[in-house]
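Here's a set of exercises to work through with the model open beside you. Try each task before you read its solution.

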Amino acid sequence: MGNRENLESPAGTSITTTNTETGLKRSISADASGRYSATNIPAGHYRVELVRDGKVAQTTEVDVLSGQGSNASFSAVVQSVQVTGRRNRIDVSNTNNGAVFTAKDLAKLPVRQTLNSIVLLAPNTTKGDSAYGNTASFGGSGQSENAFYLNGFPITNSLSQLGAMELPFGAIQQASVMTGGFGAEFGRSIGGVLSVTSKSGTNTWEAGATYSVQPNGLRAKRQNVYYPVTGDKNNVDTDANLTTLGQAGFNSNRSWDNRWLGKLDWNINDNHRLEFTSAGNSSRTRYQRYGFALNPNNPNALAALDGTPTGNLYTSVTGKNLGATDPAYPNGTPGAVLNMLKYTGQITDDLAINGLYGKMKTERGTSYEIGGVYQGSAGGLPPTIGTVAKTSQWSEIDPNLYRNYNVFPGNRATPGSDEVKSGRLDIEYKIGTHLLRAGIDSSKMETRGAGNSSSGGCSWTYRFVGIGNANQPVPLSGSRPAVVSNFGGSGVDGYYARQSIFSSITDASATQSAQYIDDKWQVTPKLLVTAGIRNDAYSNSNGDGQKFIDMKNEIAPRLAAAWDVNGDASSKVYGSAGRYFLQLPTGVAARAASRSTLTTQDFTYTGVSPTDGTPMGNNPINAPISVDGEYGTLKNLRAVVMADLKPNYQDEITLGCEKAHGPDLNFGVKATYRKLGAGIDDSCDTRPLYAFALAHGIEVHNTLFINCFIYNPGKDVTVWGDGHDVNGNPLVTGKGQFAHFTAAEIGEPKAERTYAALDFFLEHPLRQGWYGKVFYTLSRSRGNMEGQTRSDTGQKDVGTSAAWDFPEFAPGNNGLLPNDRKHQLKAYGFYQITPEWSAGANVLIQSGRPVVCLGTNDAADQGKDPAFLIGIAYGGPGYNAEYFNCGGVARPRGSMGRLPWAKRLDLNLVYAPEYAKGLSLKVEVFNALNGRSPLSQTAVYDDGDSTVIDSRYNQLTTFQTPRSAKFTVEYNRKF
């Protein structure tokens with residue numbers, strides 16, 4: 001809040017601000033030039049009075065927004081008391097990019113009640129890949145690169161950094177979406193920030209209730225998912241056929257999302273205030289599978305899905321607060337419970353202190369039922385039995401015994417929790433034309449039960465060595481040769497079973513801290529310059545409490561300026577430049593640095609259990625082996641993270657201008673450029689380490705027995721190397737040492753990501769009964785690293801994707817990134833038709849996502865590509881479809897066109913009858929035109945044989961949410 005015009009300032013002149021709802025009052029003196037500035041004021045509606053000689057000379061009213069400037073100006077000569085309304089002006093004190101939405105805005109607009117829906121109203125934001133839940137990309141960033149705050153407390157999910165807990169919309173007073181240009185007080189984001197301020201109690205009692213319903217009968221049908229037409233002769237049975245109906249039968253899912261928020265404010269006096277906030281979000285989804293009977297009288301029943309559920313419940317699973325990365329039931333909301341205390345103190349007219357401390361905890365887990373009978377956790381399930389081909393069934397065993405009894409196969413997470421304890425202290429001090437701000441913060445994260453493990457404890461697959469090979473050495477697990485007949489039982493006829501055990505379940509922890517200082521300097525009445533610097537630090541620890549990443553001295557300079565061109569807040573030119581750093585989530589400790597197990601072992605057998613399908617009478621052929629050296633033992637942390645790891649950071653520059661063209665129109669344009677400075681991922685190319693060990697006399701037997709390591713792609717690497725025995729067990733040879741490799745020896749290109757955008761907007765301020773705003777964004781997001789997420793395949797391992805595991809994957813990887821949307825048009829607004837009726841609309845039109853093809857490059861994958869001599873010497877990656885090469889043809893990123901444009905129109909109509917004050921009836925229609933554009937496609941071209949197209953390649957997998965309607969009745973009454 002500040003005066004933007006000259007004001008006579010004789011002795012005794014002062015400014016008094018009063019919150020009209022709470023009575024909070026503050027008095028400020030104007031300076032010699034007639035300017036004044038009131039800082040550290042809670043958001044709300046204020047009456048501002050010019051007091052001269054103890055009498056009120058002028059009065060105006062303004063809405064104060066958190067993090068924004070509000071203008072309250074008075075004329076220079078006043079002979080009597082005047083009362084004026086809020087004047088239309090541009091905020092010339094702010095250089096943040098994005099948008100601010102108040103409770104009134106959110107109530108008027110047709111917006112789904114999620115934080116991400118608010119984010120997507122702002123320019124430079126786009127919906128992220130569905131593999132990462134209900135998340136967004138800010139300015140071309142990965143979905144895990146954003147920060148979320150509630151009343152200053154960080155509510156970002158610490159396990160994955162994908163999204164945050166949800167809040168009741170009725171409790172939101174203001175939501176500020178910052179897509180760039182934010183100051184030194186904000187960090188831990190190279191994408192954007194969503195800062196939410198909750199409502200506070202007032203001096204008037206108010207009570208209310210809301211009831212909403214979304215009738216199934218008004219929902220449009222979901223898009224059926226078909227096998228694509230591949231044209232491959234191997235896919236004649238699947239091309240263009242439905243895939244929504246499989247052996248699982250009929251799926252019925254139901255979700256519950258409970259949210260609450262309570263806030264207690266104690267205005268000790270006008271200068272000291274305590275706030276206690278308690279908020280919670282419990283998100284549960286039940287996944288049920290029923291039998292489904294096709295219509296026997298319809299020969300095309302399968303294609304038409306003509307049939308009915310039988311009512312025979314097979315399985316039921318209920319997941320709670322699972323978040324986006326659960327291996328079996330992803331895309332959930334990471335609900336949490338938060339309690340925090342905040343102090344705001346105006347020590348003197350020039351000195352203010354703010355402090356807060358709080359704790360947030362997420363309790364997550366899954367419960368299982370089979371046929372309606374509660375089973376508890378997945379730990380009580382039998383082992384998973386892999387698909388058993390007839391050729392792998394020993395003829396001495398009843399073939400009906402070869403079956404899987406585990407109805408929840410695959411990898412599963414265990415119950416766990418994520419806890420964040422965070423505190424911060426901020427100080428503001430005004431001295432002349434400078435507003436100095438400084439602060440510190442510190443957060444501690446504790447995760448219990450990160451990672452996942454084999455359902456039922458392990459999995460079994462039944463195998464056959466082939467006709468005539470029972471008495472011959474054949475490669476078994478880990479490529480170890482053996483003569484299976486020598487071990488009796490099924491081995492006499494060439495049959496055996498393989499057991500696989502996997503677990504990355506672990507605890508993890510992290511710390512984050514920062515210090516910042518900045519100076520908002522009003523250089524002249526028209527020019528405001530903000531210069532600041534921020535120092536971030538963070539560490540990640542494994543399940544044994546050992547730090548494996550310890551980043552310090554992340555120095556981030558920030559500079560911004562705003563020029564009030566005419567001196568009356570009618571137009572401004574502004575810009576910013578800064579560096580921003582990003583940390584790794586706690587979940588990266590799972591498997592990367594904590595104890596993990598991934599072993600296989602072979603057995604002959606004499607029978608198969610009739611109760612769980614596992615082999616009986618087992619005779620081990622070999623010992624358990626791990627191709628990654630994962631035996632559940634403590635990892636050597638010097639070997640899993642490069643010694644000179646640099647932090648993940650990005651540089652950004654913005655430049656824009658805004659103009660208030662009279663009271664009915666504001667417009668502006670802004671340019672943004674972002675460049676990734678350094679990225680972090682993991683490499684599983686252990687061939688250089690293997691060659692180093694051989695050259696230095698360190699005992700090693702296979703490149704697969706050496707751990708992957710976290711590194712900076714395109715940088716020199718220094719990492720510890722030591723030995724292992726023939727089975728991959730780590731050895732302390734006494735010859736272990738750090739190995740240094742140049743970037744050229746590692747062979748990976750530098751991590752690159754650039755984002756360039758031009759944003760245009762038109763705004764009609766709330767006048768004459770209506771408000772509207774239109775954004776158009778022209779942008780490009782290019783490079784070879786999306787970020788910590790990998791939307792190409794939807795890989796759940798945030799920060800450690802497969803994309804940077806081997807240099808052979810790099811050709812063709814640089815191009816248009818998954819979050820690139822060249823054109824984006826957003827518009828929203830509302831119209832007060834009559835005092836009782838209002839209507840709102842929200843429009844999105846955007847170009848589609850770039851299409852990607854990932855196939856197998858046979859020569860490179862098998863170590864036969866002369867462009868990669870290390871592969872010829874020590875073997876290729878063996879990863880199958882991880883190359884930008886499909887069917888033997890190079891398919892560079894961005895060369896295969898885009899998915900279709902997405903178009904969406906949301907509408908609402910609100911009736912607030914005058915005869916029942918406080919009552920409102922609302923109907924909202926989301927995706928009113930029922931747009932069905934696809935949002936993602938399957939990128940995997942083959943399954944290891946480049947000549948055979950995978951039956952699901954280029955399958956359209958997710959679509960726009962179908963049209964739905966929501967009816968809401970709300971009643972609020974002030975006493």
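## Exercise 1: an enclosed strand

Strand β33 (residues 597-604) is largely enclosed by the rest of the structure, because six of its eight residues are buried. Keep in mind that this is a predicted model.

**Task.** Find which strands pair with β33, and in what sense they run.

*Solution.*
- Step 1: Start with strand β28 (residues 495-503), which is antiparallel to β33 and joined to it by seven bridges. To get the register, take I501, whose bridge partner in β33 is T599.
- Step 2: Now go to strand β36 (residues 619-620), where two bridges make another antiparallel pairing with β33. Here F603 has P620 of β36 as its bridge partner.

## Exercise 2: a mixed sheet

**Task.** Work out the strand order of the open sheet that holds β6, β11, β12, β9 and β10, and say which strands are at its edges.

*Solution.*
- Step 1: The order of the five strands is β6-β11-β12-β9-β10, with mixed pairing.
- Step 2: β6 (97-102) and β10 (153-154) each pair on one side only, which makes them the edge strands.
- Step 3: For a parallel pair, look at β9 (residues 147-150) and β12 (residues 193-198), with four bridges between them. L150 is matched with V196 of β12 in one of the bridges.
- Step 4: Pick out T179, a residue of strand β11 (residues 172-180). T179 counts as buried because its relative accessibility is 4%, the cut-off for buried being under 20%.
- Step 5: See what surrounds T179: beyond its neighbours within four places in sequence, its contacts are N97, G98, P123, N124, T125, F138, G191, E652 and R674.

## Exercise 3: the largest nonpolar core

**Task.** Which residues touch the most other members of the largest nonpolar core, and which helix gives the largest share?

*Solution.*
- Step 1: The core has 45 residues, and the ones that touch the most other members are F548, I549, L645 and I710.
- Step 2: Helix α6 (residues 687-695) gives the largest share, with four residues.
- Step 3: Zoom in on I710. Not counting residues up to four places away in sequence, I710 touches F548, I549, A592, V640, V641, M642, L645, I680, D681 and D682.
- Step 4: Don't merge this core with another one that lies apart from it: that one has 39 residues, including L121, A279, L356 and F830.
- Step 5: Back to α6, where R687, P688, L689, Y690, F692 and A693 are buried. Their cover includes β40 (709-711), β41 (717-721), β44 (737-741), α7 (743-746) and α9 (869-874).
- Step 6: Just past the helix, check the backbone: G697 follows α6 and has a positive phi, near 70°.

## Exercise 4: nonpolar side chains at the surface

**Task.** Which residues make the nonpolar surface patch of about 510 Å², and which elements give two or more of them?

*Solution.*
- Step 1: The patch is made by Y211, V213, L218, L921, F967 and V969.
- Step 2: Two or more residues come from each of β13 (206-213) and β56 (964-974).
- Step 3: Take V213, which sits in strand β13. With a relative accessibility of 35%, V213 counts as partly exposed.

## Exercise 5: salt bridges across the chain

**Task.** The whole structure has 32 salt bridges. For the D518, D820 and E882 pairs, find the partner and say how far apart in sequence the two ends are.

*Solution.*
- Step 1: D518 pairs with R437, with 2.6 Å between the closest N and O atoms. The two are 81 residues apart, D518 in strand β29 (residues 506-522) and R437 in strand β23 (residues 434-450). Both D518 and R437 are buried.
- Step 2: D820 meets R780 at 3.8 Å, N to O. D820 is in the loop between β47 (815-816) and β48 (823-832) and R780 is in strand β46 (residues 770-783), so this pair ties together parts 40 residues apart in sequence. D820 counts as buried at 1% relative accessibility, whereas R780 is partly exposed at 28%.
- Step 3: E882 meets R790 at 2.8 Å, N to O. E882 lies in the loop between α9 and β50 (885-886) and R790 in the loop between β46 and β47, so the parts tied together are 92 residues apart in sequence. E882 is buried, with a relative accessible area of 12%, and R790 is buried at 6%.
- Step 4: Finish with a network: R188, D441, R534 and D536 are joined by salt bridges that share partners.

Key: Residues are numbered from 1 along each chain as its sequence is written. This is a predicted model: local features need pLDDT of at least 70, side-chain atom pairs count only at pLDDT 80 or more; totals for chains, interfaces and linings use all residues. Side-chain values use heavy atoms; hydrogens and water are left out. A nonpolar core is a set of buried Ala, Val, Leu, Ile, Met, Phe, Trp, Tyr and Cys residues joined through side-chain atoms within 4.5 Å. Buried means under 20% relative accessible area, exposed over 50%, partly exposed in between (1.4 Å probe, protein chains only). Contact means heavy atoms within 4.5 Å. Patches are made of residues with over 30% relative accessible area and no salt bridge: like charges are joined within 9 Å, nonpolar side chains (Val, Leu, Ile, Met, Phe, Trp, Tyr) within 5 Å. Accessible areas come from the Shrake-Rupley method with a 1.4 Å probe; for residues, only the protein chains shown count as cover. A salt bridge is a side-chain nitrogen of Lys or Arg within 4 Å of a carboxyl oxygen of Asp or Glu. Two strands pair if DSSP finds at least two bridges between them.
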